[in-house]
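The following exercises concern chain geometry, pockets and solvent exposure. Each task is followed by a worked solution.

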Amino acid sequence: PASFNHTGVATGTCSTCHNGSTASGKPGNHIPTSQQCDVCHRTTAWTPATFSHNGIAAGTCSTCHNGS
């Protein structure tokens, strides 16, 4: 249960550390996205996540909206 103060960390640079090696990254069952973590998540908590459909390609709805 370590913590990290994200004050001063530049917006949009999450994957610099959250790469699965330095710090935990996206799990395998994550909603497919190429967005940075802070588009949906906050630095104070991973959940509840917000979701924006920005960056989601038209016609790919069933990739996520598949009933599971």
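**Exercise 1.** How many nonpolar, polar and charged residues are in the lining of the largest pocket?

*Solution.* The model is predicted: local features need pLDDT of at least 70, side-chain atom pairs count only at pLDDT 80 or more, and totals for chains, interfaces and linings use all residues. Residues are numbered from 1 along each chain as its sequence is written, and side-chain values use heavy atoms, with hydrogens and water left out.

Step 1. On a 1 Å grid over the protein atoms alone, a pocket is an open set of points where a 1.4 Å probe fits, with protein on both sides within 12 Å along at least five of seven lines; lining residues have an atom within 4 Å of a point.

Step 2. The largest pocket has a volume of about 430 Å³. Its lining has 19 residues, of which H6, C14, H18, T43 and W46 are the closest to the centre.

Step 3. Ala, Val, Leu, Ile, Met, Phe, Trp, Tyr, Cys and Pro count as nonpolar, Asp, Glu, Lys and Arg as charged, and the others, Gly among them, as polar. The lining of the largest pocket thus divides into nine nonpolar, eight polar and two charged residues.

**Exercise 2.** Characterise the second largest pocket by volume and lining.

*Solution.* Step 1. The volume of the second largest pocket is about 270 Å³. Fifteen residues are not all equally central: of the 15 that line this pocket, G25, K26, H30, C37 and H41 are the closest to its centre.

Step 2. By class, this lining comprises four nonpolar, ten polar and one charged residues.

**Exercise 3.** Is H6 buried, partly exposed or exposed, and which class holds T7?

*Solution.* Step 1. Buried means under 20% relative accessible area, exposed over 50%, and partly exposed in between (1.4 Å probe, protein chains only).

Step 2. H6 counts as partly exposed because its relative accessibility is 25%. T7 has a relative accessible area of 68% and is therefore exposed.

Step 3. For the whole protein chain, 7% of the 68 residues count as buried.

**Exercise 4.** What C-alpha distances separate H6 from P32 and T7 from T43?

*Solution.* Step 1. H6 and P32 are 26 residues apart in sequence, and their C-alpha atoms are 24 Å apart.

Step 2. T7 and T43 are 36 residues apart along the chain, with 8.8 Å between their C-alpha atoms.

Step 3. As a frame for these values, the C-alpha atoms of the protein chain fill a box of roughly 40 × 20 × 20 Å along the principal axes.

Key
Points joined across faces, edges and corners; volume = space filled by probe spheres on them.
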